[in-house]
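This report looks at ring interactions and then at how pairs of helices pack in the structure shown below.

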Amino acid sequence: MADVLDTLREDDLLLLVGDPRQLQPVEAGHPFEVLERHGMTTAVIPEIRRQRDPEQRRVAELFAHGRSSEGAAAARQFLTTVAAAPGADQRETACNRQVAVAQAAAERWLALDPQTRDETIILSGTNRVRHQVNTAVRDALKARGEVGDELGRVTSLTRAGFSLHQTGQAGSYG
């Protein structure tokens, strides 16, 4: 953030967009919160626009206003209880639970009509569950003939001993 501020000229304007209660800082520090505390001009969008369904919007509003108990109670209608086989120990039980949750999420998404599926995302708390959901969905879509066997290849850049500063510099990836 300091680097960004250092590049500003006297007549430049900087627009920062975010919600400090929703977006946690990526690195050390809390620049957005600090700037707000020190008098940064702020605009507030009071209405929740992401949830179109009135009941889901009500849940989001309750949580946004710090009324988590009421929000959790209102959200119950959207929750599904997923049974998982007990394991030999806590770790195995947790793994079984993740597999069951992933399978249930995939099945619910697959049961939607194509248009609703296009408008619906599945959120996951962990990469493991995300991978399990993706695998279950892809396998089912392949079995139905809705997608083929072709695989795409993605090249991604990884940090190779760079400092945090270097990871933010495009030239570091040569």
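## Aromatic rings

In this predicted model, the number of aromatic pairs comes to 0, where a pair would require ring centres within 6.5 Å. A ring does, however, take part in a contact with a charge: Arg 117 lies over the face of Trp 109, at 5.0 Å from the ring centre.

## Helices H5 and H7

Helix H5, which spans residues 90-110, packs against helix H7, residues 127-144, with the two axes 8 Å apart and at an angle of about 40 degrees. H5 is therefore oblique to H7, since the angle falls outside the ranges that count as roughly parallel (under 35 degrees), roughly perpendicular (65 to 115) or roughly antiparallel (over 145). The crossing of these two helices is right-handed.

On the H5 side, the contact is formed by Cys 95, Gln 98, Val 99, Ala 102, Gln 103, Ala 105, Ala 106, Trp 109 and Leu 110, and these meet Arg 128, Val 129, Gln 132, Val 133, Ala 136, Val 137, Ala 140, Leu 141 and Arg 144 of H7. Divided by class, the contact of H5 with H7 holds 13 nonpolar, 3 polar and 2 charged residues. Trp 109, listed among the H5 residues of this contact, is also the residue whose ring face lies under Arg 117.

## Helices H3 and H4

Helix H3 (residues 54-64) and helix H4 (residues 68-75) have axes that come within 7 Å and cross at roughly 160 degrees. H3 is therefore roughly antiparallel to H4, and H3 passes H4 in a left-handed crossing.

H3 contributes Arg 58, Val 59, Leu 62 and Phe 63 to the contact, while H4 contributes Ser 68, Glu 70, Gly 71, Ala 72, Ala 74 and Ala 75. By class, the contact of H3 with H4 comprises 6 nonpolar, 2 polar and 2 charged residues.

How values were computed: Residues numbered from 1 in each chain as written. Predicted model: local features only at pLDDT ≥ 70, side-chain atom pairs only at ≥ 80, totals over all residues. Heavy atoms only, no water. Phe/Tyr/Trp six-rings, centres within 6.5 Å; stacked < 30°, edge-to-face > 60°. Lys NZ or Arg CZ within 6 Å of the ring centre and 35° of its normal. Axes fitted to C-alpha atoms, helices over the stretch in contact; angles between N-to-C directions. Helix = DSSP H or I, 4+ residues; strand = E, 2+ residues; numbered from the N terminus. Left-handed = near helix turned anticlockwise from the far one by under 90°. Contact = heavy atoms within 4.5 Å. Nonpolar A, V, L, I, M, F, W, Y, C, P; charged D, E, K, R; others polar.
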